Amino acid sequence: MKRGFYIGRFQPYHNGHQSVLEHIAKDVDEIIIGVGSAQLSHNVSNPFTSGERVLMITRALSLLDCPFYVIPIEDIQRNALWVAHVRSMTPPFDTCYSSNPLVVQLFREAGVEVQSPAMYERELLSGTEIRRRMIAGEPWKQLVPAAVVRVLDEIDGTERLCQIARDD
């Protein structure tokens, strides 16, 4: 059994994440998805709770032909211990999939195989860009899976983000 690990903040989960996970699903028997910075919410960079992000991911991946686990992982602010922290929170895995330079470095130093998947339309598909568009009232719904649009509508996510982005 081969398990892969993929971590992100998913603020929000978008089509780039979906593309990467669909490719990972072809290489492994199971996927562990870590929801990073799980303790953060209700600020402009991290507007959604870990539970809301878990909901986005599980709904978006409902038709994925590969079993997956979605696990919130809080930050510990100590990079030298971070991989051990992740491993303590997840089932065992064989390979970490990440293109984040720090994540790649930390897992390689810990002796974990790392693969860096190609990022799909990275300049357009980033949480930062999607949040910016949401705040500015620009089109963003085409950048996330339809299931994520439904979750964000259900939690009134755009209104929350706009509210917390306001100046006094």
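**Figure 1. Strands β1 and β2 run side by side in the parallel sense, joined by six bridges.** Strands are DSSP runs of E with at least two residues, helices are DSSP runs of H or I with at least four residues, and both are numbered from the N terminus. Two strands count as paired if DSSP finds at least two bridges between them. This is a predicted model in which local features need pLDDT of at least 70 and side-chain atom pairs count only at pLDDT 80 or more, while totals for chains, interfaces and linings use all residues. Residues are numbered from 1 along each chain as its sequence is written, and side-chain values use heavy atoms, with hydrogens and water left out. Across the β1–β2 pairing, look for Tyr-6, which stands opposite Ile-33 of β2. Helix α1 (residues 15-24) joins the picture here: β1, α1 and β2 make a right-handed β-α-β unit. Right-handed means that, with the strands pointing away from the viewer, the path from the first strand over the helix to the second runs clockwise.

**Figure 2. Strand β2 pairs with β3 and is covered on both faces.** The pairing of β2 with strand β3 (residues 68-72) is parallel too, over five bridges. To find the register, start from Ile-32, whose bridge partner in β3 is Tyr-69. A right-handed β-α-β unit is made here by β2, helix α2 (residues 50-60) and β3. Six of the six residues of β2 (residues 30-35) are buried, so the strand is largely enclosed by the rest of the structure. Buried means under 20% relative accessible area, exposed means over 50%, and partly exposed lies in between (1.4 Å probe, protein chains only). On one side of β2 the buried residues are Glu-30, Ile-32 and Gly-34, and on the other they are Ile-31, Ile-33 and Val-35.

**Figure 3. Helix α1 packs its buried residues against several neighbours.** Seven of the 10 residues of α1 are buried, so this helix is largely enclosed by the rest of the structure. If you would like to pick them out, they are Gly-16, His-17, Gln-18, Ser-19, Val-20, Leu-21 and Ile-24. They pack against β1, β2, α2 and β4 (95-97), where a contact means heavy atoms within 4.5 Å.

**Figure 4. Aromatic rings come together in pairs and in a cluster.** A pair of aromatic rings is described by the distance of the centres and the angle of the planes. Rings of Phe, Tyr and Trp (its six-membered ring) pair if their centres lie within 6.5 Å; planes under 30 degrees apart count as stacked, over 60 as edge-to-face, and the rest as tilted. By this rule there are six aromatic pairs. One of them is the tilted pair of Phe-5 and Phe-107, at 5.8 Å centre to centre with 45° between the planes. Phe-5 sits in strand β1 (residues 3-8) and Phe-107 in helix α4 (residues 101-109), so the pair ties together parts that are 102 residues apart in sequence. Both of these residues, Phe-5 and Phe-107, are buried. Tyr-6 and Phe-10 form a tilted pair as well, with 6.0 Å centre to centre and 55° between the planes. Tyr-6 is buried at 9% relative accessibility, and Phe-10 is buried with a relative accessible area of 1%. Ring pairs also link Phe-5, Trp-82, Phe-93 and Phe-107 into a cluster.

**Figure 5. Helix α3 holds both His-85 and Ala-84.** Is His-85, in helix α3 (residues 79-89), buried or exposed? At 18% relative accessibility, His-85 counts as buried. Leaving out residues up to four places away in sequence, His-85 touches Ile-73, Glu-74 and Ile-76. Ala-84 is exposed, with a relative accessible area of 51%. From Ala-84 to Glu-74 the separation is 10 residues in sequence and 13 Å in space, C-alpha to C-alpha.

**Figure 6. Stepping back, the protein chain has seven helices and five strands.** From the N terminus on, the elements follow the order β-α-β-α-β-α-β-α-β-α-α-α. The radius of gyration is 16 Å, close to the 15 Å that the globule rule gives for 168 residues, so the chain is as compact as a globular protein of that length. Here the radius is taken over C-alpha atoms, and the globule rule is 2.2 Å times the number of residues to the power 0.38. Along the principal axes, the C-alpha atoms fill a box of roughly 45 × 35 × 25 Å. Of the 168 residues, 49% count as buried.
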